[in-house]
Amino acid sequence: MQPPQSGGGGGGKMPKGEAAPAVPAIGDDLLGDILLRLPDTASLSRAALACRRWRRVASDRALLRRFHSLHHRPPLVGVILSDRWDSSIPFRCPDLQFLLVPSRNPHLAAAAGAGDFLFADLPENDSPGADRIPHESWLLRCCDGGLLLLSGARWYSKNLAVYDPFSRAAVFFRRPQDFDDFFAAHYAFLADEPDASFRVVAAQFFGERVEAAVFSSRTRGWSPLPSFRLRGSWNARDGARAGRFFYWQSNTRKYYDSDDKERALLLDTSTMEWSFTEVPFPIGESYCAADMAEHGGLCLVGGREQCLQLWARSGGAWVMKKQVALLKQFVFLKEIRREEWMKRVRPLAVKGDYVLMEFWSIRKSNSYFLLLNLKTMTLEMVKNNSIEPYRGSAFPFFMSWAPPLLSPGL
């Protein structure tokens with residue numbers, strides 16, 4: 001056999017002592033396109049460790065938002081459950097339980113094991129001007145972007161905290177000074193994932209009027225919002241985020257001699273303008289809001305018996321865009337309903353094409369959490385085997401789309 005010839009076809013060995021030709025440098029735009037093809041945020045974090053340039057490109061706000069839009073499966077780690085309490089001024093903290101949502105992604109599983117989702121490791125509040133309350137208990141108010149919003153549980157506490165359950169870091173601040181001490185404050189929380197900044201809106205309801213202010217982590221201060229006139233009575237609880245919107249449900253009580261309607265108060269966080277709407281669901285039905293561009297913006301997702309309904313605004317009125325009869329679409333749910341007395345469907349959150357909801361029993365304490373893809377009509381299910389009924393607020397915990405490595409942190 002003849003030895004391979006060098007030259008010509010390029011199959012020979014490099015002569016000794018000659019360096020291999022350098023790989024042409026790629027620009028930031030091409031590098032960003034390559035990083036967008038990675039499968040998840042954990043892979044993006046590992047790639048960012050290659051060098052300073054790669055980390056700079058990977059942490060660009062525009063790239064992170066595109067990465068978010070391309071990776072549609074929301075990184076759901078689990079759900080924080082609470083028992084029921086109806087007091088506006090709680091004299092105790094509700095009992096909490098963290099329900100892990102199993103994932104085939106090992107990085108999400110590792111995150112679930114490392115997170116302090118019940119804020120047991122919350123540091124001491126040593127911020128200037130804080131109410132000094134020995135052994136202060138904390139109440140979970142909202143959850144967004146991998147962060148928790150907490151408030152002092154005692155009625156006279158004005159302390160607030162935003163807590164990162166992975167880094168165990170917290171930002172402490174106080175509710176607005178000009179708020180009425182004899183009225184409860186109801187909060188809504190938005191975390192800007194790429195740079196780890198956040199905003200908190202605090203609202204007080206006075207009959208048919210709401211007064212509010214917004215706190216920004218960038219300025220570390222409160223700014224007042226315009227007052228807004230409401231219609232009808234409000235039994236407000238904390239608000240929730242739906243894309244660029246905050247919304248507070250009126251939680252109208254059902255009385256036989258009342259024609260009251262269920263209503264929602266809305267705040268567009270891009271313009272800081274209030275609006276108000278009557279929702280297309282009977283009093284007592286569970287629903288949540290969503291910001292869905294394909295349906296023109298604000299939408300409502302409700303659960304009537306075992307049907308899931310998607311409503312959107314059209315011509316100033318609510319129009320049903322989609323209805324999913326869950327027991328017909330997924331026959332195995334019919335057997336669960338019959339054997340375990342599962343009856344109510346409670347929508348909790350909408351992320352991208354997915355709706356997270358709870359399927360629970362009127363007789364038993366256990367339940368099922370369902371994650372439905374509205375486009376592919378595929379369903380994932382996680383059983384909650386709790387022996388105690390957790391029928392209070394439920395807080396879905398989604399990992400931040402921007403990995404902690406790529407965010408400045410709290």
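**Exercise 1.** Determine which residues Thr 277 touches, leaving out those up to four places away in sequence.

*Solution.* Step 1: apply the criterion, in which contact means heavy atoms within 4.5 Å. Thr 277 then touches Arg 263, Ala 264, Leu 266, Arg 313 and Trp 318.
Step 2: look for polar contacts, that is, pairs of N or O atoms within 3.5 Å; within protein, one must be able to donate a hydrogen and the other to accept it, and residues adjacent in sequence count only if both atoms are side-chain atoms. The side chains of Thr 277 and Trp 318 make such a contact at 2.9 Å.
Step 3: assess burial, where buried means under 20% relative accessible area, exposed over 50% and partly exposed in between (1.4 Å probe, protein chains only). Thr 277, at 7%, is buried.

The model is predicted: local features need pLDDT of at least 70, side-chain atom pairs count only at pLDDT 80 or more, and totals for chains, interfaces and linings use all residues. Residues are numbered from 1 along each chain as its sequence is written, and side-chain values use heavy atoms, with hydrogens and water left out.

**Exercise 2.** Assess the confidence of the model, using pLDDT (the predictor's confidence in each residue, from 0 to 100).

*Solution.* Step 1: the average pLDDT of the protein is 84, and 85% of the residues score at least 70.
Step 2: residues 1-14 have a pLDDT below 50, and this stretch has three contacts beyond near neighbours in sequence.
Step 3: residues 87-91 are also below 50, with five such contacts.

**Exercise 3.** Describe the open sheet of four strands, taking strands as DSSP runs of E with at least two residues and helices as runs of H or I with at least four, numbered from the N terminus.

*Solution.* Step 1: the order is β15-β16-β17-β18, with antiparallel pairing; two strands pair if DSSP finds at least two bridges between them.
Step 2: β15 (286-292) and β18 (317-325) are the edge strands, each pairing on one side only.
Step 3: six bridges join β16 (residues 297-304) to β17 (residues 307-314). Gly 303 stands opposite Leu 308 in β17.

**Exercise 4.** Analyse the salt bridge of Arg 241 and Asp 144.

*Solution.* Step 1: a salt bridge is a side-chain nitrogen of Lys or Arg within 4 Å of a carboxyl oxygen of Asp or Glu; for this pair the N to O distance is 2.8 Å.
Step 2: Arg 241 lies in strand β11 (residues 240-242) and Asp 144 in strand β3, 97 residues apart.
Step 3: Arg 241 is partly exposed at 32% relative accessibility, whereas Asp 144 is buried at 8%.
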